[in-house]
Amino acid sequence: MSVPECVELIYREAFLLDEGRYEEWLQLFSPGGRYWVPLSRSQGERDARLSIADEDMDLLRLRVERLASGRAHSQQPASVMQHVLQQPMLGEESTDTDTRVFRTAFTYSECRQDEVVVLHGHYVHRLVRLDGQWRIELKRVNLLNAASRLPMIQLFP
């Protein structure tokens, strides 16, 4: 069933982000991967409403390249982040043995100089097995207060 491998991938993803290893982080995604922060927990994947972030692999690569280039003026000096995750829970079993969905509650902190942003919520990771390895097809970030006025989020909650 490979649940331990999937759970390890979710924890590794948070570790790579916390370490600022964005290129390695991108490698965890499938070629059709998506990083999505909807405005509402009820928002469906094909819902055309606005989102806080909705990035395919091309946009994620651009963002990572910008962070690495030093041209991200909002990241001078750079922010640091820390993810604290609860144990990922396997969602409903699928008949597709190459797809798994996990729900993981989190607390995210991002610090830049004297400012600290703290967010809470849960992730939905849809993982797919490609060439024998698990990859992130979808990372959905359901923020607890997504509909509220949020502070500027610079990195990847």
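At 34% relative accessibility, Ile-52 counts as partly exposed, because that value falls between the 20% limit for buried and the 50% limit for exposed. Keep in mind that what you're looking at is a predicted model. Ile-52 sits in strand 2, which covers residues 51-56, and its surroundings make a handy way in. Leaving aside neighbours within four places in sequence, Ile-52 is in contact with Val-37, Pro-38 and Leu-39, and also with Leu-143, Ala-146 and Leu-150. Trp-36 is 16 residues away from Ile-52 in sequence, yet their C-alpha atoms are 7.8 Å apart in space. On the outside, Ile-52 joins Leu-39 and Leu-50 in a nonpolar surface patch of about 280 Å².

From that patch, let's go inside. In soluble globular proteins, nonpolar side chains tend to be buried together. Here the largest nonpolar core has 35 residues, and those with the most contacts inside it are Tyr-22, Trp-25, Tyr-35, Leu-60, Leu-127 and Phe-156. Plenty of elements chip in: helix 1 (3-18), helix 2 (22-26), helix 3 (57-69), strand 1 (29-38), strand 3 (80-85), strand 5 (99-112), strand 6 (115-130) and strand 7 (133-143) each supply at least two residues. Helix 1 gives the most, with 7 residues.

Leu-127 is a good one to click on. Which residues does Leu-127 touch, not counting those up to four places away in sequence? Going up the chain, you'll find Cys-6, Leu-9 and Ile-10, then Asp-98, Thr-99, Arg-100 and Phe-102, and finally Trp-134, Arg-135, Ile-136 and Glu-137.

Now for the strands, with strand 5 as our guide. Strand 5 pairs with strand 6 in the antiparallel sense over 14 bridges, and one of the matched pairs is Phe-102 with His-125 in strand 6. These two strands form a hairpin with 2 residues between them, and Gln-113 in the turn has a positive phi of about 55°. Strand 5 has further partners. Strand 3 pairs with strand 5 in the antiparallel sense over 6 bridges, with Leu-85 finding its bridge partner in Phe-106 of strand 5. Strand 4, which is just residues 89-90, also runs antiparallel to strand 5, over 2 bridges; there, Met-89 is matched with Arg-103.

That leaves the charged side chains. How many salt bridges does the structure hold? The count is 8, and three of them are worth a look. In the pair of Arg-126 and Glu-137, the N to O distance is 2.6 Å. Arg-126 lies in strand 6 and Glu-137 in strand 7, so this salt bridge ties together parts that are 11 residues apart in sequence. Glu-137 is partly exposed, with a relative accessible area of 28%.

Next comes Lys-139 with Glu-13, whose closest N and O atoms are 3.1 Å apart. This pair links distant parts of the chain, with Lys-139 in strand 7 and Glu-13 in helix 1, 126 residues apart. Both Lys-139 and Glu-13 are buried.

Finally, Arg-12 forms a salt bridge with Glu-24, with 3.7 Å between the closest N and O atoms. Here helix 1, which holds Arg-12, is linked to helix 2, which holds Glu-24, the two residues being 12 apart. Arg-12 counts as partly exposed at 34% relative accessibility, and Glu-24 is likewise partly exposed at 34%. Salt bridges that share partners join Arg-12, Arg-21 and Glu-24 into one network.

Key. Residues numbered from 1 in each chain as written. Predicted model: local features only at pLDDT ≥ 70, side-chain atom pairs only at ≥ 80, totals over all residues. Heavy atoms only, no water. Core = buried A, V, L, I, M, F, W, Y, C linked by side-chain atoms within 4.5 Å. Buried < 20%, exposed > 50% of the residue type's maximum accessible area, 1.4 Å probe, protein only. Helix = DSSP H or I, 4+ residues; strand = E, 2+ residues; numbered from the N terminus. Contact = heavy atoms within 4.5 Å. Pairing = 2+ DSSP bridges. Patch = residues over 30% accessible without salt bridge, like charges linked within 9 Å, V, L, I, M, F, W, Y side chains within 5 Å. Areas by Shrake-Rupley, 256 points an atom, 1.4 Å probe, with all protein chains shown as cover. Salt bridge = Lys/Arg side-chain N within 4 Å of Asp/Glu carboxyl O.
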